Amino acid sequence: MSTPTIVLVHGFWGGAAHWAKVIPELRRRGYGDLHAVENPLTSLADDAARTQQMIKQVDGPVLLVGHSYGGAVITEAGDLPNVVGLVYVAAFAPDKGESLASIGEVVPAPGGANIAPDSDGYLWIRQDKFQESFCQDLPDEEALVMAVTQKAPLGAAYVAPVTEPAWRHKPAWHQVSTEDRMIHPDNQRRMAARMEARKVIELPAAHASLASQPVPIVDLIDEAVRDLS
């Protein structure tokens, strides 16, 4: 198999630029065909459709990499025939009929207390609580930029169930953040075990591990590519 195109899928409270440290590291290692989806975060169906649009533009194999809610998106969108694998980065991996809300209820994470809807139904993390909830291992200024530029999702995306999980049919890899305050680490471990991930790594990282630990995350992507080839 030829080297797959890497398609990066962001989660809640950010956009494609949340991959800003992963992308240069991938390029340094010779990955020339990289794409980062900019999802609207309006509903799981909308975000999966946008991701599939990008996948369909690729002539060849695709490795999907999803962070946070992006894991739910690649779970929903990853059944296209040219998707050869799924990499989950501190991410949700719902089963059929599960939503982020139902998974979060199994083992609640403390950061959830700092999320509040606005009058239009968008969910925000309080700016003064963003760093401690989402990225406590990032420098203050970097966390501030993330807090101010956060891209709030509509609440509908949080409660939408997955229809047919791609990880039941595609090989998967999973990174667990042991200091995660948005998705409890035990929930991440449970989802990784359930999908029988080919490799699970644990990093002493907050939820935004893609920003604080880009090198080991690219190591995992690299391993997935080697395994697939």
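# Reading the sheet and its surroundings

Q: Which residue of strand 3 does Val9 stand opposite?
A: Strands here are DSSP runs (E, at least two residues), helices are runs of H or I with at least four, and both are numbered from the N terminus. Strand 1 (residues 5-9) and strand 3 pair in the parallel sense over five bridges; pairing takes at least two DSSP bridges between two strands. Opposite Val9, in strand 3, stands Gly66.

Q: Which atoms do side-chain values use?
A: This is a predicted model: local features need pLDDT of at least 70, side-chain atom pairs count only at pLDDT 80 or more, and totals for chains, interfaces and linings use all residues. Residues are numbered from 1 along each chain as its sequence is written; hydrogens and water are left out, and side-chain values use heavy atoms.

Q: Why is strand 3 largely enclosed by the rest of the structure?
A: Buried means under 20% relative accessible area, exposed over 50%, and partly exposed in between, with a 1.4 Å probe and protein chains only. Val62, Leu64 and Gly66 point one way, while Leu63, Val65 and His67 point the other. Both sets are buried. Strand 3 (residues 62-67) is largely enclosed because six of its six residues are buried.

Q: Which residue of strand 4 does Val65 stand opposite?
A: Strand 3 pairs with strand 4 (residues 83-89) in the parallel sense, over six bridges. In strand 4, the residue facing Val65 is Val87.

Q: Which helix joins strand 3 and strand 4 in a β-α-β unit?
A: The unit is right-handed. With the strands pointing away from the viewer, a right-handed path runs clockwise from the first strand over the helix to the second. Between strand 3 and strand 4, the unit has helix 3 (residues 70-77).

Q: Which strands stand at the edges of the sheet?
A: The sheet is open, has six strands in the order 2-1-3-4-7-8, and pairs them in the parallel sense. Two strands have a single partner strand each, so one side of each is left without a neighbour in the sheet. These are strand 2 (34-37) and strand 8 (199-203).

Q: What does the twist average from one strand to the next?
A: Axes are lines fitted to C-alpha atoms, for helices over the stretch in contact, and angles run from 0 to 180 degrees between N-to-C directions. From one strand to the next, the twist averages 15°.

Q: Which residue of strand 8 is the bridge partner of His174?
A: Strand 7 (residues 172-177) pairs with strand 8 in the parallel sense, over five bridges. The bridge partner of His174 is Val200.

Q: At about what angle does helix 10 run to strand 7?
A: Helix 10 (residues 214-228) lies across strands 1, 3, 4, 7 and 8. Helix 10 runs to strand 7 at about 165°.

Q: How far apart in space are Leu228 and Ile6, C-alpha to C-alpha?
A: Leu228 belongs to helix 10 and counts as buried at 18% relative accessibility. Contact means heavy atoms within 4.5 Å. Residues up to four places away aside, Leu228 touches Met1, Leu63, Val84, Pro171 and Trp173. Leu228 and Ile6 are 222 residues apart in sequence, but in space their C-alpha atoms are apart by 13 Å.

Q: How are the rings of Phe12 and Trp13 paired, stacked or edge-to-face?
A: Rings of Phe, Tyr and Trp (its six-membered ring) pair with centres within 6.5 Å; planes under 30 degrees apart are stacked, over 60 edge-to-face, the rest tilted. The count comes to four aromatic pairs. With centres 5.3 Å apart and planes at 80°, the rings of Phe12 and Trp13 are edge-to-face.

Q: How many residues apart are Trp13 and Phe134?
A: Their ring centres lie 6.5 Å apart with planes at 85°, so this pair is edge-to-face. Trp13 sits in the loop between strand 1 and helix 1 (22-28), and Phe134 in helix 5 (residues 127-134). The pair links distant parts of the chain, with a separation in residues of 121.

Q: Which residue's backbone oxygen does the side chain of Ser133 reach?
A: Ser133 is in helix 5 and is buried, at 1% relative accessible area. A polar contact is a pair of N or O atoms within 3.5 Å; within protein, one must be able to donate a hydrogen and the other to accept it, and residues adjacent in sequence count only if both atoms are side-chain atoms. At 2.7 Å, the side chain of Ser133 reaches the backbone oxygen of Lys129.

Q: Which residue's side chain makes a polar contact with the side chain of Asp95?
A: Asp95 lies in the loop between strand 4 and helix 4 (100-106). Asp95 is buried, at 15% relative accessible area. At 2.7 Å, its side-chain partner is Arg168.
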